[in-house]
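Visitor: I would like to learn how to read this model, starting with the chain as a whole and then going to details.

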Amino acid sequence: MELTTVVWLASALVLSLIGFLALNRTEKDVVLRRLGLRRRDASRPATPALEKQASSKPLASSTSDLLDALPPSQRGQLDTMVKTMPAAQRQAMGDLSFDPNTFARSLLDFEEDYRTADDSKYCYSGFSVREIKALGDFPDYSALSEVPKPTPYLEFDIDRAKPRPYRPFRWAYHQTMSLTKMESDWWIELESTYKTRIAQRKALYAEHGTSVLHWLPGSELACKELMEMVLQYVCQRYPQYFSLSADGARLENRILGVEADVRAKHPLLVLLDHVPEDFGIMLRDPRSGYYHLRAGLICSALGWNVGSKIGMKLHEIHEPIPDYKEKMQFSMDRFFSKMPASKPIQRGSWGLEVNQPLYMPPGDPHEAHRAEQDPALAESRVHLRVDWQTLRRLPLSAAVVFNFKALFTPLQEFRDEPYVPALVRKVLTDAKPALMRYKNTWHTEHVVLPALDRFAKEQVDNGLVDPDWEPKTLEESPWFPGWQDKWHAQQGF
């Protein structure tokens with residue numbers, strides 16, 4: 001480019017900036033709107049903004065260096081916690097000094113059970129086996145992780161509770177993790193299908209066994225820690241329905257009307273009995289630095305199951321996902337290696353289904369629905385399925401846990417949700433073909449697309465949506481304008 005051209009362009013930019021600054025606020029808003037940079041309309045319902053999770057900084061030039069990458073340790077929290085411990089527990093904790101060299105040569109083996117290991121050995125979290133044992137059952141996981149305790153949800157009514165109406169639609173649509181900071185009040189979200197889902201999941205385990213619930217050697221601490229964190233959480237969030245005995249040995253579940261000895265079963269079986277949520281536990285192999293699926297309770301998988309993925313590395317689990325290896329594998333391996341316990345994240349994935357398939361392993365008869373566009377398919381049988389997921393590191397074992405639950409919404413609910421029909425239609429018709437083949441929505445589109453067109457036209461005709469609006473990710477994502485009013489009305493508030 002010639003120097004005179006550069007000078008001319010620079011001068012034009014300076015003059016444009018001076019002219020913009022000279023405008024009044026209304027005139028500036030007009031310019032910003034035309035540039036697609038309009039401020040939030042104050043007349044629209046405001047919703048809590050989700051904090052975008054900052055991308056992890058590059059750790060190394062190749063995944064081979066994962067071997068030397070360890071997550072931030074939470075052991076510094078012990079200095080505060082020990083001050084309020086009984087004398088006997090403080091004595092059991094021992095000397096809290098930490099020697100990095102001793103730590104490096106004393107790590108637990110990949111398949112080693114902490115319960116039978118020497119007290120001088122360490123988890124890669126930085127906690128010694130002695131310290132973990134001295135902490136006992138149900139330590140204060142909020143203090144250990146620095147993730148705030150949930151606010152007690154005293155007005156919650158399990159019989160009429162509905163899940164928040166997640167609509168995690170994005171445009172432009174690319175294969176990214178789309179991570180946001182986890183809302184600590186909503187880690188475990190219960191709703192009115194609780195009893196039905198618990199029964200359904202227990203029946204799935206009775207039928208499929210280790211295909212839906214399994215654990216491998218070395219996962220003992222992570223499984224116990226997860227179970228305790230989840231039960232501690234639901235007792236804090238829903239105290240009218242759950243409580244633990246003073247010694248943490250017994251859980252009272254007033255929804256099901258039962259009292260359970262939480263030490264009598266494997267921790268994942270305790271979760272199966274009381275929490276309708278799926279959990280996968282990823283542990284770091286000290287020989288390579290890669291994270292592997294070492295335990296899981298997953299009753300809501302479509303096209304896979306625990307039995308087909310147990311033991312796999314993170315990138316092996318995600319091998320079927322388009323562009324994962326080329327665009328996401330390296331960054332996800334880095335993210336797992338450095339993710340702090342204090343910063344859990346959340347995301348959502350979605351699909352369109354006939355009826356409400358909860359568990360569909362490879363070869364399941366329900367797969368037949370995906371092989372054709374049934375001309376007799378009724379609009380009422382089509383559902384949005386959202387898998388709302390969270391990802392967090394456990395502070396003691398340093399395991400990375402992903403948990404999710406499947407939420408189903410009838411397609412017809414989109415009708416009064418501003419912008420949603422046009423946005424979903426844009427994704428279905430214009431997204432990258434490989435991504436949509438993986439999402440596997442084709443079998444519903446002959447019904448869904450005409451319905452979305454009809455809903456979108458009604459919204460324009462009724463003044464809900466500007467006729468010139470171009471589909472894009474909503475400011476309220478993963479919800480929509482006015483979602484709280486609709487959600488509250490559905491629950492009778």
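Guide: A contact here means heavy atoms within 4.5 Å. The model is predicted. Among contacts in the protein chain between residues at least 6 apart in sequence, those joining residues at least 24 apart make up 75%.

Visitor: How many helices and strands does the protein chain have?

Guide: The protein chain has 17 helices and ten strands.

Visitor: What share of the 493 residues is buried?

Guide: Buried means under 20% relative accessible area. By that cut-off, 49% of the 493 residues in the protein chain are buried. The accessible surface of the chain comes to about 23400 Å², and carbon and sulfur atoms account for 53% of that surface.

Visitor: Now a sheet. What is the strand order in the open sheet of three strands?

Guide: The order is 3-4-5, and the pairing is antiparallel. Strand 3 (242-244) and strand 5 are the edge strands, since each pairs on one side only. On average, neighbouring strands of this sheet are turned by 20° against each other, direction ignored.

Visitor: How many bridges join strand 4 to strand 5?

Guide: Four bridges join strand 4 (residues 250-253) to strand 5 (residues 258-261). To read the register, take the residues that face each other: Leu-251 stands opposite Ala-260, and Asn-253 stands opposite Val-258. In a regular strand the side chains alternate between the two faces of the sheet.

Visitor: What is found between the strands of that hairpin?

Guide: Four residues lie between strand 4 and strand 5, and Gly-257 takes a positive phi near 70° in this hairpin.

Visitor: Which helix lies across strand 3 and strand 4?

Guide: Helix 9 (residues 220-237) does, running at about 125° to strand 3.

Visitor: How should I read the burial pattern along a helix?

Guide: An α-helix has 3.6 residues a turn, so residues three or four places apart point the same way. In helix 14 (residues 420-430), the buried residues are Val-420, Pro-421, Leu-423, Val-424, Val-427 and Leu-428. Seen down the axis of helix 14, these residues fall within an arc of 170°, so they line one face of the helix.

Visitor: Which elements do the buried residues of helix 14 pack against?

Guide: They pack against strand 8 (345-354), helix 15 (433-439) and helix 16 (442-461).

Note on methods. Residues are numbered from 1 along each chain as its sequence is written. This is a predicted model: local features need pLDDT of at least 70, side-chain atom pairs count only at pLDDT 80 or more; totals for chains, interfaces and linings use all residues. Side-chain values use heavy atoms; hydrogens and water are left out. Two strands pair if DSSP finds at least two bridges between them. Helices (H or I, at least four residues) and strands (E, at least two) are DSSP runs, numbered from the N terminus. Buried means under 20% relative accessible area, exposed over 50%, partly exposed in between (1.4 Å probe, protein chains only). The arc is that of the directions from the helix axis to the C-beta atoms. Axes are lines fitted to C-alpha atoms, for helices over the stretch in contact, and angles run from 0 to 180 degrees between N-to-C directions. Accessible areas come from the Shrake-Rupley method with a 1.4 Å probe; for residues, only the protein chains shown count as cover.
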